[in-house]
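The following text is an introduction for a reader who has not yet met this structure. Please keep the sequence and the model in view while reading.

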Amino acid sequence: MSLTDRAIAQIRELIRSGALPPGSKLPPEQKLAAQLGLSRNLAREAVKALAMARVLEIRRGDGTYVTSLQPSLLLEGLGRAVELLQGDSGALLDLMEVRRLLEPAATALAATRISDEELTEVKRHLDAMLAARDDIEELNAHDAAFHRAIVAATGNESLLTLLEGVSGRTLRARIWRGLVDTRAADRTVAEHEAIFDALVRRDAALSEAAALLHVSNTEQWLRVHLRSVQSLS
């Protein structure tokens with residue numbers, strides 16, 4: 001480990017151990033450095049690195065604080081990273097593979113936990129998709145909200161943040177545009193209906209199968225689409 005990495009590890013250990021709980025203020029730089037046996041430069045670099053990772057928040061004129069450490073905050077950068085990978089075909093397929101591994105399992109879990117109110121929210125987005133078959137922006141927005149509502153029903157914030165991160169908005173829009181152009185949008189909307197019907201039955205196995213079919217078909221479409229684009233370039 002580099003000296004900076006060791007400094008980062010020391011501060012992280014203070015947070016992990018509860019010596020610096022969420023919302024607490026770090027000691028002034030000089031005192032923190034002395035407490036950890038570091039130079040002020042190393043302490044400063046470690047704080048900057050942890051601030052970039054959203055573990056710490058630097059408030060100008062006030063000091064440095066430990067954030068809430070919520071998964072939605074700590075994993076927020078994943079979504080931004082995914083958007084930067086839009087031009088990398090291999091990375092896009094990797095992301096779809098991750099989605100295929102996680103989303104069906106999340107949908108199965110949701111089937112065992114989803115409330116009537118949460119089902120109503122899922123249905124609202126499904127109805128909006130049915131009403132906007134040729135409007136890519138509307139389809140994309142309600143598609144994302146449909147899946148978000150399902151995963152949110154698991155009550156697992158980390159899982160929700162991970163899946164939102166790998167399902168980038170730009171990638172979703174790109175897929176919907178292609179589905180509309182190839183007249184495959186109706187089939188895809190029908191796949192969403194099958195997922196909803198399985199959730200209504202609270203059938204975990206059927207929900208997982210419906211979600212797996214949907215994500216697998218989307219992944220297959222993307223593979224064909226990327227190959228056709230590469231053959232033209």
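## A guided reading of the model

At 5% relative accessibility, Arg99 counts as buried, a term that stands for under 20% relative accessible area, with exposed meaning over 50% and partly exposed the range in between (1.4 Å probe, protein chains only). The structure is a predicted model, in which local features need pLDDT of at least 70 and side-chain atom pairs count only at pLDDT 80 or more, while totals for chains, interfaces and linings use all residues. Residues are numbered from 1 along each chain as its sequence is written, and side-chain values use heavy atoms, with hydrogens and water left out.

Arg99 belongs to helix H6; helices (H or I, at least four residues) and strands (E, at least two) are DSSP runs, numbered from the N terminus. Apart from residues up to four places away in sequence, Arg99 touches Pro104, His147, Leu163, Val166, Ser167, Arg172, His214 and Val215, where contact means heavy atoms within 4.5 Å.

The wider setting comes next. The protein chain contains 12 helices and 2 strands, and along the sequence these follow the pattern α-α-α-β-β-α-α-α-α-α-α-α-α-α. Of its 233 residues, 41% count as buried. Among the contacts in the protein chain with a separation of 6 or more, 69% are between residues 24 or more positions apart. The accessible surface of the protein chain is about 12300 Å², and carbon and sulfur atoms account for 54% of this surface. Such areas come from the Shrake-Rupley method with a 1.4 Å probe, and for residues only the protein chains shown count as cover.

A second buried residue is His192, which has a relative accessible area of 0% and is located in helix H11 (residues 185–200). Not counting residues up to four places away in sequence, His192 touches Leu126, Met129, Asp143, Phe146, His147, Trp176 and His214. Phe146 is 46 residues from His192 in sequence, and their C-alpha atoms are 8.5 Å apart in space. His147 and His214 appear among the contacts of Arg99 and also among those of His192.

The charged side chains can be followed next. The whole structure holds 15 salt bridges, each being a side-chain nitrogen of Lys or Arg within 4 Å of a carboxyl oxygen of Asp or Glu. One of them joins Glu219 and Arg100, with a distance of 2.4 Å from N to O. This pair links distant parts of the chain, since Glu219 lies in helix H12 (residues 204–232) and Arg100 in helix H6 (residues 89–113), 119 residues apart. Glu219 is buried, at 4% relative accessible area, whereas Arg100 is partly exposed, at 24%.

Glu219 also forms a salt bridge with Arg223, the closest N and O atoms being 3.1 Å apart. Arg223 and Glu219 are separated by about one helical turn because they are 4 residues apart in helix H12. Arg223 is partly exposed, with a relative accessible area of 28%. Glu97, Arg100, Glu219 and Arg223 are linked in a network of salt bridges.

A further salt bridge connects Arg59 and Glu57, whose closest N and O atoms are 3.5 Å apart. Both residues count as partly exposed, Arg59 at 35% relative accessible area and Glu57 at 37%. Glu57 and Arg59 are also among the contacts of Tyr65, together with Gly23, Ser24, Lys25, Val55 and Leu56, when neighbours within four places in sequence are left aside. Tyr65 is found in strand S2 and is buried, with a relative accessible area of 12%. The C-alpha atoms of Tyr65 and Pro27 are 9.3 Å apart, although their positions lie 38 residues apart along the chain.

Pro27 leads on to the second largest pocket, whose volume is about 260 Å³. On a 1 Å grid over the protein atoms alone, a pocket is an open set of points where a 1.4 Å probe fits, with protein on both sides within 12 Å along at least five of seven lines, and lining residues have an atom within 4 Å of a point. Of the 14 lining residues, Pro27, Glu29, Val47, Ile58 and Thr64 are the closest to the centre of this pocket. Helix H2 (29–36), helix H3 (40–52) and strand S2 (63–66) each give two or more residues to the lining, and H3 contributes the largest share, 4 residues.

Definitions and conventions
Points joined across faces, edges and corners; volume = space filled by probe spheres on them.
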